[in-house]
Amino acid sequence: MSTHTHAFNEGNPLAESRTRWAVALTSLMMVVEIAGGWFYNSMALLADGWHMSSHALALGLAALAYSLARRLANDHRFAFGTWKIEILGGFTSALLLLLVAFSMAYQSIERLYSPTPIHYDQAIVIAFVGLAVNLVCAKLLHAGGHQQHGHDHAHDHGHSHGHDHGAHDLNLRSAYLHVVADAMTSVLAIVALFGGKLWGADWLDPTMGIVGAVLVGTWAIGLLKSTSRVLLDAEMDAPVVEEIREVIAQSPVKASISDLHVWRVATGKYACILRLSVDGHATAEEFHRQLAVHEELVHVTVEIAAA
């Protein structure tokens, strides 16, 4: 049996820095919107402010996950590094995002039955400022994700193709989705406020809230699925698994796979345990060399057994 490994817990310092900035901006705007909504009697603006408070909490969780992953990077208790702390942060943020969707739906339905007078001009100004802050935060977080990307490489067995093996920072994605969701609620609030101001369409405010709740809930469910797959090691359908099978099938040494386990240990990086039944004599090193063409495999254990 032989094991090959190399560093795979690279971290994402750019994303961590930009997430901290997003936390600061979102928290500041949260206070402004809640105060403005209360002072100008705008339920749409007040709801948007409270929604932003949950997003500020979620962004704080994302920043905390980055910080813990970095500080504990050399802790020997983590067998495959601290990357899954970030995934856990993304999963928690997705749960919060789902709660935000339910809250939006509940408050919107409530406002359908209990409309209140609104100071439209002041509320619209604050809503536009909130949207601008959200767009700045979205730009920050999107730029922070540029550090993570797919890769292309040629294969020794006669073909080449690009790879994007789930190479997404799910913690950063969760933070980004929170900001985008908040920007969307700001847009819907602006539409509703203008509709009420210009045409007296008070029903627009709760209707837009319900539409926003459905979209936010959809994003939350998608993020829950992607993060839970990583946390539960449910990725045996990842493209890299089929590529491992392909390498063994095309190996000059006749071998068959009797046991295979693959799981993600970092952004776009995988660990692999492979047990092979081999006809004749072969060493694990030979198969390590063949699998090395897939640089996304950062921890490979090969066990050889006679056929």
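Let's start with a single residue: at 15% relative accessibility, Trp263 counts as buried, because the cut-off for buried is under 20%. Keep in mind as you look around that this is a predicted model.

What does Trp263 pair with? By the ring rule, the count of aromatic pairs comes to 2. In one of them, Phe80 and Trp263 sit edge-to-face, with 5.3 Å from centre to centre and 85° between the planes. This pair links distant parts of the chain: Phe80 is in the loop between α2 (43-71) and α3 (83-113), while Trp263 belongs to strand β4 (residues 255-266), 183 residues apart. Phe80 is partly exposed, with a relative accessible area of 27%.

Now for another pair, Phe128 and Phe194. Their rings are also edge-to-face, at 6.2 Å centre to centre with 70° between the planes. Phe128 lies in helix α4 (residues 120-144) and Phe194 in helix α5 (residues 170-199), so this pair ties together parts that are 66 residues apart in sequence. How accessible are these two? Phe128 has a relative accessible area of 42%, which makes it partly exposed, and Phe194, at 29%, counts as partly exposed as well.

Head back to the loop between α2 and α3, where you'll find Thr82. Is Thr82 buried or exposed? With 0% relative accessibility, it counts as buried. Its side chain has a partner too: the side chain of Thr82 reaches the backbone oxygen of Ala69 at 2.6 Å.

Next, take a look at helix α1 (residues 13-39). Its 27 residues reach 40 Å from the first C-alpha to the last, close to the 39 Å expected at 1.5 Å a residue. Several of its residues are buried, including Ala15, Thr19, Val23, Met29, Met30 and Ile34. Glu16 and Glu33 are on that buried list too, along with Gly36 and Gly37.

Finally, how confident is the predictor? The chain has a mean pLDDT of 79, and 82% of its residues reach 70 or more. Among the elements of the chain, helix α7 (residues 239-249) has the highest mean pLDDT, at 93, and strand β2 (residues 151-154) the lowest, at 43. Over residues 147-166 the pLDDT is below 50, although this stretch has 56 contacts in the model beyond near neighbours in sequence. Where pLDDT is low, the predicted coordinates should not be read in detail.

Key:
Residues numbered from 1 in each chain as written. Predicted model: local features only at pLDDT ≥ 70, side-chain atom pairs only at ≥ 80, totals over all residues. Heavy atoms only, no water. Phe/Tyr/Trp six-rings, centres within 6.5 Å; stacked < 30°, edge-to-face > 60°. Helix = DSSP H or I, 4+ residues; strand = E, 2+ residues; numbered from the N terminus. Buried < 20%, exposed > 50% of the residue type's maximum accessible area, 1.4 Å probe, protein only. Expected span 1.5 Å × (residues − 1). pLDDT = per-residue confidence, 0-100. Contact = heavy atoms within 4.5 Å. Polar contact = N/O pair within 3.5 Å; in protein donor to acceptor, adjacent residues only side chain to side chain.
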